Amino acid sequence: MNTDDVWRLVDQARSELDEETRDDAEAVARQMVALLSQRDPAEIVACEPPLWDLLTASYRADLWAAAYVINGGASDDGFDYFRGWLVAQGEAAYGQAIEDPDSLAGLPAVLSAHAQGDDLQGEDVLSVAWHAYQAVTGEEPPPWSFSVRHPRLDPDWDFDFDDEKEMRRRLPRLTALFYGPAQ
């Protein structure tokens, strides 16, 4: 499998959900597990590395800052779960966010989460292959199946994310949405 296969899996999972749950990362993850569970164990294991390639590519300080604004904070785990949510939104939303994290302010799922006071998290997306493998074999995936190495974060974004002035300068659309107009 490669990242294109993962995007096809995400697209298929999203397309099989109704409009109300299509943006729910946990619902997308459950559907991804159901779809992967129809495959043989070797193919399920092969899904994990390209999924984590996408998660690793989104391990960026500017996206972490966006997650911090959107979710009112983002610990290490919280940022992982946010990136899982981002993958569950599909390739177009993911690509747009990678290109310009501030563009998330215009994403309908972000606007809806803001209106409802919800956090954007997709913890279960991180383990879809693990859950599918366990469902098919009754065992955990082999420990050698993949490993994760996060890239170094951009030092230009190494500042206190509680610095509202700096966040407003770097993420004007998101901060206007979540913090309100500048005072």
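1. Pro 101 is buried, at a relative accessible area of 6%. This is a predicted model, so the note describes computed geometry. Pro 101 belongs to the loop that links α6 (91-99) with α7 (108-116). The cut-off for buried is under 20% relative accessible area, so this loop residue counts as buried at 6%.

2. What does Pro 101 touch, beyond residues up to four places away in sequence? The partners are Asp 62, Leu 63, Ala 66, Leu 171 and Leu 174. Take Leu 63: it sits 38 residues from Pro 101 along the chain, yet their C-alpha atoms are separated by 5.6 Å.

3. Leu 104 shares some of that neighbourhood. Neighbours within four places in sequence aside, Leu 104 is in contact with Leu 63, Ala 66 and Leu 174. Its other contacts are Ile 70, Phe 82, Trp 85, Leu 86, Ala 97 and Val 110.

4. Leu 104 is also one of the residues with the most contacts inside the largest nonpolar core. The others named are Trp 85, Val 87, Val 110 and Leu 174. That core has 63 residues. Which helix gives the core its largest share? Helix α4 (residues 61-71) does, with nine residues. In soluble globular proteins, nonpolar side chains tend to be buried together.

5. Val 45 is a second buried position to look at, with a relative accessible area of 12%. Val 45 is part of helix α3 (residues 41-57). Tyr 133 lies 88 residues away from Val 45 in sequence, but the C-alpha to C-alpha distance is 7.1 Å.

6. Now the whole chain. The protein chain has ten helices and zero strands. Read from the N terminus, the order of elements is α-α-α-α-α-α-α-α-α-α. Contacts reach across the sequence: of those between residues at least 6 apart, 69% join residues at least 24 apart.

7. Is the overall size in agreement or at odds with a compact globule? It agrees, because a compact globule of 183 residues would have a radius of gyration near 16 Å and the protein chain has 17 Å. Along the principal axes, the C-alpha atoms fill a box of roughly 55 × 35 × 25 Å.

8. Burial and surface come next. Of the 183 residues, 49% count as buried. The protein chain exposes about 9,400 Å², and carbon and sulfur atoms supply 45% of that area.

9. Last, charge. The protein chain carries 14 positive and 36 negative charges. The mean positions of the two sets are 6 Å apart.

Note on methods. Residues are numbered from 1 along each chain as its sequence is written. This is a predicted model: local features need pLDDT of at least 70, side-chain atom pairs count only at pLDDT 80 or more; totals for chains, interfaces and linings use all residues. Side-chain values use heavy atoms; hydrogens and water are left out. Helices (H or I, at least four residues) and strands (E, at least two) are DSSP runs, numbered from the N terminus. The radius of gyration is taken over C-alpha atoms; the globule rule is 2.2 Å times the number of residues to the power 0.38. Buried means under 20% relative accessible area, exposed over 50%, partly exposed in between (1.4 Å probe, protein chains only). Contact means heavy atoms within 4.5 Å. Accessible areas come from the Shrake-Rupley method with a 1.4 Å probe; for residues, only the protein chains shown count as cover. Lys and Arg count as positive and Asp and Glu as negative; His and the chain ends are not counted. The place of a charge is taken as NZ of Lys, CZ of Arg, CG of Asp or CD of Glu. A nonpolar core is a set of buried Ala, Val, Leu, Ile, Met, Phe, Trp, Tyr and Cys residues joined through side-chain atoms within 4.5 Å.
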